[in-house]
Amino acid sequence: MKFTAIFPVGLLMLSLAANEITFDMQPYVDVLVTEGGKDYKSLARARIGAGFNGYNLKAGANKITISGREPGTRLEQLWIGPSDQRPDEKNTGIYLDIDNAKLDGPMQIDTSVSPSAIVSGVSSKGNAEFVFQTSADDNYVVWAKGHGLNPSADSFFFKINDEEAFSFDVPIWRRSSWYRIIGRSYSHQCLIYAWNATSPQSPHYQDEKYYHLSLKLLEAAIQEIKLRFTFPAALWYMNTLEAMHMILNDPRTTPETAEKFLKLMRPYVEETCRTAGSTENSWANNAVNILNQRAAILALAGDIWKNADPESSKRYLSAARRCVHTVASWFPPGKPYGYDNYGSGFDTTYYTYDAKFLTRYYLIT
């Protein structure tokens with residue numbers, strides 16, 4: 001079986017309020033695959049953006065079930081708290097340690113690597129159940145601590161009470177970090193919808209309903225950035241920026257709509273530009289993939305803002321060039337391309353990322 005096309009054929013039901021987007025909790029997307037000339041809908045459906053608005057929990061006992069999806073993904077701790085907070089020393093919330101989980105094999109606690117973590121050694125097998133008490137009826141969000149080992153070991157299934165389970169991705173990182181548990185990102189879907197709505201090659205080109213749905217998905221994806229805008233994911237909004245680029249270049253997009261999206265996206269681009277100019281001797285400023293990602297995002301932003309704000313456009317492009325030149329100075333011709341400027345060796349995972357982001361940079365420049 002091979003993927004010949006990927007089209008979201010399920011309808012995402014969204015409603016816009018004054019300053020937020022809400023969802024009807026049934027935002028499924030089916031993947032269309034072709035085998036032997038016949039089309040099939042994939043059974044692996046994703047709850048896009050599930051958990052985005054948190055969960056309305058009743059006072060009393062509640063249950064979270066973490067199920068194995070990709071072998072080797074590590075989970076160290078869970079945190080449940082108010083939607084305006086996140087786990088840290090200042091907030092209380094509810095911390096759930098892995099020692100309190102009821103495990104169903106092959107899910108187990110791996111103590112061979114510190115810190116210990118819940119891990120499933122078999123694909124899509126095993127459960128870890130956490131029971132916790134809430135003191136009041138309220139809206140809660142769920143965060144997890146852990147990390148993924150590689151692109152094939154970076155996800156679990158998540159279920160709370162009687163809600164339907166969904167898959168969520170964890171950061172691929174060399175150390176543990178806290179991350180908000182949300183269904184698969186809107187960024188991929190908004191990019192697909194934006195292309196289908198704006199490309200003359202698409203069967204949905206000039207379909208007004210499809211176009212307006214792409215606008216709603218883009219706004220949802222931009223709002224989602226603030227939930228994922230935590231290190232090391234601060235640069236993982238490239239798809240959203242690409243989608244915005246497509247929509248802003250569409251003749252149906254009004255000046256008012258363009259201005260709204262530029263305003264919503266601006267803080268994240270400015271933060272990326274600020275960090276690109278930092279001289280702090282931090283890991284991020286010595287990591288090849290981080291600098292290449294900054295360069296790609298800022299190069300694209302320079303193109304997006306070239307008419308709306310020429311001066312900012314020049315700033316973004318200048319910062320992009322600076323990032324690329326910095327990396328080039330670390331690895332002159334003949335020197336192996338490393339993971340960072342500290343002498344680490346070649347890393348295939350980050351080389352893949354570099355190829356993606358550098359391709360965007362050179363396409364634009």
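This is a short walk through the salt bridges, aromatic pairs and helices of one protein structure.

Hi everyone, and thanks for coming. Please keep in mind throughout that we are looking at a predicted model.

Let me start with charges. Side chains of opposite charge can pair when their charged atoms come close. How many salt bridges does a search of the whole structure find? The count is 13, and I will show you a few of them.

The first on my list joins E70 and R69, whose side chains meet with 3.9 Å from N to O. E70 counts as buried, because its relative accessibility is 17% and the cut-off for buried is under 20%. R69 has a relative accessible area of 23%, so R69 is partly exposed.

Next, have a look at R252 and E208. Their salt bridge has its closest N and O atoms 3.5 Å apart. Which parts of the chain does this pair link? R252 belongs to the loop between helix 3 (238-248) and helix 4 (255-276), while E208 belongs to helix 2 (residues 208-228). The two are 44 residues apart, so this is a link between distant parts of the chain. Both ends are partly exposed: R252 has a relative accessible area of 22%, and E208 is at 39% relative accessibility.

My third example sits in helix 6. K314 and E311 form a salt bridge there, with 3.8 Å between the closest N and O atoms. About one helical turn separates K314 from E311, because they are 3 residues apart in helix 6 (residues 310-330). In general, an α-helix has 3.6 residues a turn, so residues three or four places apart point the same way. Are these two buried or exposed? K314, at 55% relative accessibility, counts as exposed, and E311, at 54%, counts as exposed too. There is also a network to point out: R266, E270, D309 and R315 are joined by salt bridges that share partners.

Now to the aromatic rings. The whole-structure search finds 9 aromatic pairs. One of them is F158 with F166: the ring centres are 5.4 Å apart and the planes are at 55°, so we call this pair tilted. F158 and F166 are both buried. Another pair is W305 with Y316, with centres 5.8 Å apart and planes at 80°, so here the arrangement is edge-to-face. W305 is in the loop between helix 5 (288-304) and helix 6, and Y316 is in helix 6, so the pair ties together parts 11 residues apart in sequence. W305 and Y316 are both buried as well. Coming back to F158 and F166, they belong to one aromatic cluster together with Y55, F156, F168 and Y179.

Let me finish with two helices. Helix 3 is mostly covered, with 10 of its 11 residues buried; among them are M238, L241, M244 and L248.

Helix 4 has a little more to tell. Its 22 residues should span 32 Å at 1.5 Å a residue, and the end C-alpha atoms are 30 Å apart, so the two values agree. Where does helix 4 kink? The kink, of about 40°, lies at R266, shortly before the proline P267. You may remember R266 from the salt-bridge network. The buried residues of helix 4 include F261, L262, M265 and Y268. And F261 has a visitor: the charged end of K260 sits over its ring, 5.2 Å from the centre.

That is my tour, and I am happy to take questions.

Conventions:
Residues numbered from 1 in each chain as written. Predicted model: local features only at pLDDT ≥ 70, side-chain atom pairs only at ≥ 80, totals over all residues. Heavy atoms only, no water. Salt bridge = Lys/Arg side-chain N within 4 Å of Asp/Glu carboxyl O. Buried < 20%, exposed > 50% of the residue type's maximum accessible area, 1.4 Å probe, protein only. Helix = DSSP H or I, 4+ residues; strand = E, 2+ residues; numbered from the N terminus. Phe/Tyr/Trp six-rings, centres within 6.5 Å; stacked < 30°, edge-to-face > 60°. Lys NZ or Arg CZ within 6 Å of the ring centre and 35° of its normal. Expected span 1.5 Å × (residues − 1). Bend = angle between axes of the 7 residues up to and from the residue.
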